[in-house]
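Visitor: I'd like a close look at just one part of this structure, please. Could you start with a single helix and work outward from there?

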Amino acid sequence: MDTKPVTFKRPSLEQSAGFDRTVIDYIQNAAAHGLYEIRGLGAKRKLPHFDDLVFLAGSLSRYPLEGYREKCVTKTVLGTRFAKKPIELDIPITIAGMSFGALSANVKESLGRAATEMGTSTTTGDGGMTQEERGSSKTLVYQCLPSRYGFNPDDLRRADAIEVVIGQGAKPGGGGMLLGQKVNPRVAKMRTLPQGVDQRSACRHPDWTGPDDLAIKIQELRELTDWEKPIYVKVGATRTFNDVKLAVHSGADVVVVDGMQGGTAATQTCFIEHVGIPTLAAVRQAVDALEDLNMKGKVQLIVSGGIRSGPDVAKALAMGADAVAIGQGILIALGCNAETYIQNGEHHSAIESYDALGTAPGFCHHCHTGKCPVGVTTQDAILEQRLQPDVGARRVKNYLQTMNMELTTIARACGKQNVHHLEREDLVALTLEAAAMARIPLAGTSWIPGHNGF
Amino acid sequence: MESLNFDLASSSLSDMNRFLHRDLADGDRRHVSVLNPDGAHNIAVGLNHPVTVEVHGHAGYYAAGMNKHATVVIHGSAGTGVAENMMSGTVHVKGFASNGAGATAHGGLLVIDGDAGLRCGISLKGGDIVVGGSVGSFSGFMAQAGRMVICGNAGDALGDSLYEAVIYIRGTAKSLGADAQFEDMTDADYAALAELLSKAGLDHDPKSFRRIASARSLYHWNADADQEY
């Protein structure tokens with residue numbers, strides 16, 4: 001009898017790098033619908049980030065502070081250039097602009113309460129100021145956006161600072177978007193729109209074009225408020241060096257730079273993943289611009305876009321930011337992508353609601369649908385009850401407090417009595433990309449790619 | 001009634017604006033004259049009282065911006081963004097107006113005796129605008145609510161991406177923007193138009209105007225829509 005070698009039948013499963021399952025899904029979807037994908041949150045691809053930097057703390061050559069007992073100041077002052085009443089915050093971590101419309105009124109109230117308890121600011125969004133957030137926020141930044149939805153002089157006078165939004169990290173060059181299912185009667189009224197319309201905001205301001213006009217526009221906002229309130233200018237990170245310079249030229253007290261990891265409630269995926277530069281590169285360019293103009297310390301810099309933790313905050317500050325703004329991290333603290341929501345002290349499973357959206361906790365980016373399983377990004381009367389303001393306020397406060405403790409822990413280890421004394425010299429990079437973008441030497445070397453001719 | 005004069009040749013704009021914000025009593029109806037405006041930007045912005053402000057000369061950008069309650073008359077021409085984001089009251093430009101006149105106005109009435117530049121009434125949110133002359137291109141862009149009366153002609157893309165605002169035009173539009181369409185005038189339109197014309201001191205026959213409003217075909221995402229709009 002002949003003996004044959006034993007063979008095993010194996011399926012051929014060689015995956016293509018260029019046409020991986022994500023790309024195949026994308027093409028199949030495009031072919032089925034003829035319409036680009038719209039989703040929430042920020043860039044999901046891996047990018048050079050603050051994770052690629054580490055601190056060189058005190059040792060023999062530098063002297064650390066005692067980690068729990070020695071003073072470490074976190075006070076942060078914004079808007080010292082022209083405003084008669086600069087903003088004074090207890091911590092350098094602020095809550096980024098997110099609209100009522102994208103978020104429920106309960107969420108807006110939670111954010112205001114948490115920010116007030118922690119001595120920081122919260123920010124309105126593309127949909128006007130709600131009573132809930134004004135009432136609960138000690139320090140509220142009022143955004144002036146291209147759409148000017150609900151924008152009015154009374155709210156302007158009630159604001160503590162004004163933020164002229166030129167762009168957003170998730171979609172520089174694009175306007176806001178709120179799909180019809182979230183345009184309920186209250187949202188529609190605040191925005192002067194028909195109920196249920198798929199709202200697409202303008203991407204350019206209606207009454208000015210270019211930096212010279214913006215200078216006059218900022219002057220108008222100052223005249224309107226008798227030069228009291230700090231004026232921020234927020235840009236999505238693209239040509240950050242030039243944009244920051246022009247924002248300073250236009251008379252901003254504070255420049256906000258939002259990197260491409262920044263979130264959104266709804267934008268085309270192609271925008272989220274393919275437009276703008278990473279926060280790490282943007283901070284460096286923004287600080288370069290301020291230093292080039294000799295404005296460092298005179299015009300304050302707020303950095304946002306994918307900042308998640310105390311170490312992220314510490315690294316942003318060390319690179320030269322005066323404060324950070326957080327959006328997505330705050331939503332996650334509220335329960336975004338959690339398996340449960342909390343009602344009357346008890347956890348309830350949200351799995352079925354994720355299922356209904358065709359997703360699961362940890363993967364959900366369905367803010368645009370208005371069917372948020374945990375009641376955060378919704379205008380639905382039933383779903384929004386899944387986030388109760390007292391629970392939300394406590395969780396956001398805890399998150400801010402944790403980050404602030406981490407920040408001071410790192411600052412003390414680096415020997416700083418003030419978190420604003422963290423400096424670039426305290427950092428090294430773990431990857432070539434991060435070293436080049438942040439212009440910080442690769443760990444264990446003095447090499448900064450692209451510098452000194454190398 | 002006591003009247004006040006501010007001569008911008010010798011006093012500061014900020015001092016005048018602050019006075020108009022802070023030193024008027026509620027319901028103050030005084031008459032304020034602004035002399036030598038000389039094209040200054042941001043004249044009489046953020047008013048919040050039913051005063052009457054007369055600007056004797058040309059105004060720069062954002063004159064009477066975000067006006068509430070006040071009547072502002074500009075005896076000259078106005079720069080970009082006159083009466084932008086007005087909430088209520090009346091702003092009357094006796095000369096011409098530059099770009100973005102009445103942009104995002106939520107309420108009130110803006111009257112321009114002469115022509116207006118580009119993007120007149122852009123993102124209008126409930127205010128009324130009457131232009132005695134013609135308007136530039138992209139006027140009424142994304143206008144959400146309110147009414148715009150054009151006694152002359154309009155440039156390209158009039159009423160592009162209109163929401164619920166209505167435009168009345170006496171002359172011709174070089175082109176209509178995406179989703180804007182001519183519609184039949186109703187009795188309600190004639191009545192509204194007659195009232196607006198009379199408030200603006202114009203005696204055109206309402207029958208000589210045509211109505212432009214939104215076809216509402218861009219209200220919802222549509223994969224089959226022409227993406228070049």
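Visitor: Which strands of chain A does α2(A) lie across?

Guide: α2(A) lies across β5 and β6 of chain A, and its direction makes about 155° with β6(A). Before going on, keep in mind that this is a predicted model: local features need pLDDT of at least 70, side-chain atom pairs count only at pLDDT 80 or more, and totals for chains, interfaces and linings use all residues. Residues are numbered from 1 along each chain as its sequence is written, while chains are lettered from A and ligands numbered from 1 in the order in which they are written.

The names come from DSSP runs, numbered from the N terminus: helices are H or I with at least four residues, strands are E with at least two. Angles run from 0 to 180 degrees between N-to-C directions, and axes are lines fitted to C-alpha atoms, for helices over the stretch in contact.

Now look underneath the helix. The two strands it lies across, β5(A) and β6(A), belong to an open sheet of 8 strands in chain A, with the order β5-β15-β14-β12-β11-β8-β7-β6 and parallel pairing (two strands pair if DSSP finds at least two bridges between them). β5 (93-95) and β6 (121-123) are the edge strands of this sheet, each pairing on one side only. On average, neighbouring strands here are turned by 30° against each other, direction ignored. At the β5 end, β5(A) and β15(A), residues 323-326, pair in the parallel sense over 3 bridges. To find that pairing on screen, pick A:T94 and look opposite: you'll land on A:A325.

Back to α2(A), which spans residues 105-118. This helix has a helical partner too: α13(A), residues 389-413, packs with it at an angle of about 45°, and their axes are 8 Å apart. The two are therefore oblique to each other (under 35 degrees is roughly parallel, over 145 roughly antiparallel, 65 to 115 roughly perpendicular, and the rest oblique). From α2(A), the residues that touch α13(A) include A:N106, A:V107, A:L111 and A:M118. Among those meeting them from α13(A) are A:G392, A:V396 and A:L400. Contact here has a plain rule: the C-beta atoms, placed from the backbone, lie within 7 Å. Sorted by class, this contact has 8 nonpolar, 4 polar and 4 charged residues (Ala, Val, Leu, Ile, Met, Phe, Trp, Tyr, Cys and Pro are nonpolar, Asp, Glu, Lys and Arg charged, and the others, Gly among them, polar).

Follow α13(A) along and you meet another helix. The axes of α10(A), residues 310-318, and α13(A) come within 7 Å and cross at roughly 55°. That makes α10(A) oblique to α13(A). On the α10(A) side the contact uses A:G310, A:P311, A:V313 and A:A314. On the α13(A) side, A:M403, A:L407 and A:I410 are among the residues that meet them. The class split for this contact is 8 nonpolar, 3 polar and 1 charged.

The sheet has another helix lying on it as well. α9(A) lies across β12 (254-258) and β14 (300-304) of chain A, running at about 170° to β14(A). α9(A), residues 279-292, also packs with α7(A), residues 240-249, at an angle of about 45° with axes 8 Å apart. So α7(A) and α9(A) are oblique to each other. In that contact α7(A) supplies A:T240, A:F241, A:V244 and A:K245, while α9(A) supplies residues including A:A282, A:Q285 and A:L290. Counted by class, there are 6 nonpolar, 2 polar and 2 charged residues.

Finally, glance over at the neighbour. The contact between the chains takes 24 residues from chain A and 36 from chain B. On the chain B side, α1 and β7 are the elements that give two or more residues, and α1(B) gives the most, with 4. That side divides into 13 nonpolar, 17 polar and 6 charged residues.

Chain B has its own open sheet, with 11 strands in the order β1-β2-β3-β4-β5-β6-β7-β8-β9-β11-β10 and mixed pairing. β1 and β10 (180-183) stand at its edges with a single partner strand each, so one side of each has no neighbour in the sheet. From one strand to the next, the twist averages 15°.
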